[in-house]
Amino acid sequence: EAPARLTIAQPSEGFLYLPIYAARGLGYVQDEGLDVEVTIFGKGAAAALTSVIGGESDIYVGLPAVPLQAWAKGQKTQLFAALLKQCGSDIVLSAEAARRTRLSERRTPAEKAEALRGLKIAVAGAGSITDLVVRHVAIHGGLDPDRDLTIIPIGGGGNMIAAFGQGRVDGYCLSAPTSTIGVVKFGGTLLLDFAKGEYPPLRDFLFTALSARPEWLAANRGVAVRLVRALGRAIETMRTRPEAARAAIGPFYPGVEPAVLDAAWTQAMGSLPTSLDMDAGGIVKNIDFLAEVRSARLDVPVAEVFTNAIVNLAAAPSTRHQEPAREAGRKE
Amino acid sequence: MIIALYRILFLAAFLAIWEVASNAFDAGFFISRPSLVAASFLTMIANGSFFYNLSITATEAALGFLFGAIFGVGVGLLLGRLKVLADILDPFLITFYSLPKVALAPLFILWFGIGIDMKVILAAVTVFFLVFLNTYTGVRSVSPEQIAILRLMGAGERALIAKVIVPSALTWVFTGLRLSVPYALIGAIVGEIIAANRGIGYVLSDAAAQFDTAAVFAALIGIVVLSLIFNGIVRFAERALMPWKAGEDTREISI
Amino acid sequence: MIIALYRILFLAAFLAIWEVASNAFDAGFFISRPSLVAASFLTMIANGSFFYNLSITATEAALGFLFGAIFGVGVGLLLGRLKVLADILDPFLITFYSLPKVALAPLFILWFGIGIDMKVILAAVTVFFLVFLNTYTGVRSVSPEQIAILRLMGAGERALIAKVIVPSALTWVFTGLRLSVPYALIGAIVGEIIAANRGIGYVLSDAAAQFDTAAVFAALIGIVVLSLIFNGIVRFAERALMPWKAGEDTREISI
Amino acid sequence: MDDARTILAFSEVRKSFGSGANALPIVGGVTFDVARGEFITLLGPSGCGKSTLLNMSAGLMQPTSGSVSYDGAPVRGVNLDVGYMTQADHLLPWRTIAGNIAVPLEIKGLAKAERAVRIEQLLTLVGLERFGAHYPSQVSGGMRKRAALARLLAADPATLLMDEPFSALDAQLRLTMQGELLRLCARLRKTVLFVTHDLDEAITLADRCVVLGARPTTIRRIVPIDLPRPRDPVRLRTNPRYQALYAELWDLLAEPSTTAPQALDAPSAVRMTGAFA
Amino acid sequence: MDDARTILAFSEVRKSFGSGANALPIVGGVTFDVARGEFITLLGPSGCGKSTLLNMSAGLMQPTSGSVSYDGAPVRGVNLDVGYMTQADHLLPWRTIAGNIAVPLEIKGLAKAERAVRIEQLLTLVGLERFGAHYPSQVSGGMRKRAALARLLAADPATLLMDEPFSALDAQLRLTMQGELLRLCARLRKTVLFVTHDLDEAITLADRCVVLGARPTTIRRIVPIDLPRPRDPVRLRTNPRYQALYAELWDLLAEPSTTAPQALDAPSAVRMTGAFA
Ligand SMILES: Nc1ncnc2c1ncn2[C@@H]1O[C@H](COP(=O)(O)OP(=O)(O)OP(=O)(O)O)[C@@H](O)[C@H]1O
Ligand SMILES: Nc1ncnc2c1ncn2[C@@H]1O[C@H](COP(=O)(O)OP(=O)(O)OP(=O)(O)O)[C@@H](O)[C@H]1O
Ligand SMILES: [Mg+2]
Ligand SMILES: [Mg+2]
């Protein structure tokens, strides 16, 4: 039986997609009889989602806010599995900026957020996840993101590290391992440790999820179920046998020093989801989040934009691949 | 006159098809529609963000164009006159030209920062080669007879360049310049997409991230208008510097 | 011979400076160093990924170049002969040319998908205008006297094009083609960066995302080599199609 | 005038270049007819509009007023019945000499082998047998003119417009070529409009010689050349009628323009004084 | 030969174009000296290498063997002491006629006002007063040649190389220009190397006339023109010595090449038969 082909549109590379790397690296995708092709969209999440809407890719993986925005404009894609339920983009400040703002003396999240005042912070792209996160934090700190600090969209991790290393920006926002490099190699400090839930507004925030067109989901239910099953199994392995999972991640990051990768890995372990299903709360947080950073509230039917049907099916006992089914089931 | 009329007809037809297609295929999400774009455009103009951002991009592109053009013409003249040097440098110039600037973004940031310099340099680098290669070819195409004639009159290299090479290569140079007008803009915009929090490139990527297609097209209108203005300036300079071509289209040829 | 020698010297000096600077400023993270790049390059060759990805990009770029060049020359000839049509379309062509393709990524994806077509079209669109504008200018520069002479001999439009316009505009056409070789590659690579899972552009952005600077430069080498090869092919064609230019540099001029 | 034998008719042809206040009247009313098979030579001072008259006959220009008719109909657009050997050679630099001569043959659609034979003949005729493979930039000025002549003959048009075709040839070759042209015209009844500055040539070749004045140009006189044919260019010169014609033409050309003396090109002795400071 | 009066010396000059088996020998050993202030005319069949000799004198080409010396030293690189009026006019199309004449004046560094005066004089001299503001494409062939002549004279070089300068002029203007040239040379002691196909011109102007043979070219004879100066071009023609010289030159040119008859350009009657099929 030929493996079922499946294409995933992924906006960037980073640890916010960790379960995808793990499931591929550990061979679970192949175990499920899937031939997964991951396409990286260097020009951002909007392009990635567009390819799903246009039927070029099957599944979008990334911040749910992006498909929600599209839904509000009439292009429906349904969220069907959660991969990360914490904010995965960290804000890293340079040692100098941390000293200047006396970051170590600040206690509450709001106080820490206020430290952004007057700083120049690099984000990935205008309107990207990282842009929105920095804006959200700034607002939380009582700042006007357009006046009280400078947010500079700067593209990918390489650009950020280049600007950060040269002192051209005071900080940046991106997921591990880019954030880890700033900390480990350039002596930076995390403004807020999202992984430890240090920032309440984004606690239990649905950060990375899979989404696809409802028609596709209806027609390819089996394939979706198998993918979710492989991802669940990967998360389980990461939790129970971290060293095996860590080893499977390595080949995806040949250019990152092992020490940096280890640090990133350790930090990421703290934010592993316990299950792949979603609730309205995580979605509403996305809508709230967008409403706060853009002064407009998305008009979407919360109950319709996501479905747990696939996750539930994946959790149900199946004849094939007993073990993953059991593991997923235990999470129920 | 008749030409302007046809242009307007063409534009109107295009807009009509756009509007109709957008409705017919329910494709507003992807291609917006002229009416929405116009509305978005007017909003941008009203709140001042259009001209603010456009002026930033225009400055970057204009500076980049200027530097790129000056170096392009200069190096083109130099290498056009020193064939051996040109032969030696040829593969390196191609190498330099072939490197995708997008891939070199981190290096650009490293060397030139994230301010206006970086965008100017990016635009200038893009312009440089287009102008250079056209100028070079133009200089190499100068009639050797005319050079010999001037030489015999005692012309030194400076007189040669001023009196024969530049006038003769001018059509080439201006073609290079016209080719690079859009690239100056694209260079500046790519620079803004790489790293910026203002400029029309920023407006563009911000709008794209929000699926605000109407705003994307409104920003594109700004870019196109800039491009047409720059192009007009280049054409004007071309006409002013080549008086002998005036009326060439209408002149009766005698053979 | 002497030229090859100088080229090698030049290259060696460049590599030496790179290696030294990388060590001196401890900038290996950003600019890697030639030795590491070489190692990375050899690894890529050894595991076959280099030629696999390069061949994909080469195919895309070559197809894009071909289509872009054919349309560019075709439209250039057509509009060069029909001045009124050219005048009418002029602002639209500039508009079309000025649109930053990067900004239109979602539209490209929508219309042409994320497969090889999208990259070929992106490359072709980029090539088109460069070839078009040079061809157009070339056609407009054809001596009206020669056209008149051929007309008097009873030449129709086809004979005119074949016997006067094309040979006379050939230098222009080839300059356009040489200008667009790197852009064909850049177009394909941008396409791969927009959406790809293979090709040298993918290798590039993948390596960049993993901070594998040595691999970035190794990929760049691949791009440059492709560019030089394409350029060589274009030059070869140029020489083959313009036998009357053979030996022009060494020929004694009589005036 | 509207004789059935008339092939080319100039009627009150005026031509100015430029427009408005800048308009420079060149041809100021020229009327004459050329009969089918007639050989007309045009004489006149430099810049008087001889080439302009040929350009109008070829349909490359329109008269400002008056009309040029060919074969009964006014000439509009390019006149495909004429062959035109222009004052400059206008060879295609990207074709060899043989390739240039091939152009009209290719346009006519001759087969390759036929073309090769014809080109060989023509090259021989103009004395360029060994230079077929040379590019125009590799041959001398006179050889370029001969190549242009061969190209004209290859086209084999009913009417030939020739603008100083032999001016770059040496005296001997010029005579040979004149002889060839006369024989050709006699055999094939070609109509020829031939511009020259050489009075000997103008007389030797012509049925009638049209002498033009200075700008704005009108016809000074049309001189019928009543010498018997066939003519031998060399022996002709001792013929007294020939000498009388020569003198007549000379005087016609030397006579100062009565209409517009200030427009005369030839510099007067007064104006020239002190030019070489 | 190495007389102090010698300004230009050709010594066993040979010139071939192309290399290896393709090499075509053009000049086959030419030796003659030109004295300072001497007026030499060059006569020879089309394509025999007259322009090539001038090109070598100007330093635009090197002889394949032998040497061309100017003022005692072999000519290497461009010879800045000569002015060269080439066979084609080579005017700069992007400059008006006046602008073209201005080029050598600009190179010499004349002030603008001075230039304007000089240009005016020169335009008058060649009869182009009204055409200073025209572009070369807007004037007739003869006018272009006159503009090139004015440009040559503007440069005011010690030695003039002139390649068929008057061939495109009408008979009257040609005589006027010849007269001007003679007066100029007499006053300023210019050395002139003058190519022409016109025997009258060759005799009228020259101190000595160099007659060249067919390719590979050698000198047939150097004919001293022992006519008194100043000469009146028109009246000269009735002079018996003039007529004798004319006949001598004619015969020299007409005589078939003894060295390489197969290289003769003029087509033989036999070869021509059937050319017009
Ligand atoms: N395209 C043009 N634009 C403006 N003036 C022109 C143009 N063509 C010709 N003339 C003018 O028309 C006049 C006659 O030109 P034409 O070439 O017919 O002279 P010609 O009698 O052939 O002279 P020549 O014997 O020198 O060849 C010239 O004074 C020239 O300036
Ligand atoms: N650059 C060149 N390459 C090859 N052959 C050349 C070149 N220049 C001249 N020749 C050859 O040299 C010969 C003499 O040329 P040149 O121009 O000197 O003749 P010429 O005596 O001036 O003839 P004309 O009276 O026709 O002007 C010709 O046969 C020509 O083919
Ligand atoms: Mg004329
Ligand atoms: Mg010559």
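Begin by selecting Ser51(E) and Gln87(E) in this predicted model, where Ser51(E) is buried and Gln87(E) is buried as well.

Keep those two residues on screen and add ligand 4, a magnesium ion, which is coordinated by the OG atom of Ser51(E) and the OE1 atom of Gln87(E) at 1.9 to 2.2 Å. If you then colour chain E by its elements, you will find Ser51(E) in helix 1 (residues 50–57), while Gln87(E) lies in the loop between strand 6 (82–85) and helix 2 (97–108), so that the pair links distant parts of the chain, 36 residues apart.

Next, hide chain E and show chain A together with chain B, where 29 residues of chain A are in contact with 24 residues of chain B. Between them the two chains bury about 2,000 Å², and 63% of this area is on carbon and sulfur atoms. On the side of chain A, select Lys73(A), Ala126(A) and Arg168(A), the residues that lose the most area to chain B, together 24% of what that side buries.

Staying with chain A, highlight helix 3 (45–53), helix 4 (65–72), strand 7 (150–153) and helix 8 (157–165), which are the elements that give two or more residues to the side that touches chain B. If you colour the residues of that side by character, they divide into 13 nonpolar, 10 polar and six charged.

Finally, which salt bridges might you look for between chain A and chain B? The count is zero, and across this interface the rule likewise finds zero residue pairs in polar contact, with both residues required to be at pLDDT 80 or more.

How values were computed: Residues numbered from 1 in each chain as written. Chains lettered and ligands numbered in written order. Predicted model: local features only at pLDDT ≥ 70, side-chain atom pairs only at ≥ 80, totals over all residues. Heavy atoms only, no water. Donors = N, O, S within 2.8 Å, 3.2 Å for Na, K, Ca; no water. Helix = DSSP H or I, 4+ residues; strand = E, 2+ residues; numbered from the N terminus. Buried < 20%, exposed > 50% of the residue type's maximum accessible area, 1.4 Å probe, protein only. Contact = heavy atoms within 4.5 Å. Buried area = accessible area lost by both parts, 1.4 Å probe. Salt bridge = Lys/Arg side-chain N within 4 Å of Asp/Glu carboxyl O. Polar contact = N/O pair within 3.5 Å; in protein donor to acceptor, adjacent residues only side chain to side chain. Nonpolar A, V, L, I, M, F, W, Y, C, P; charged D, E, K, R; others polar.
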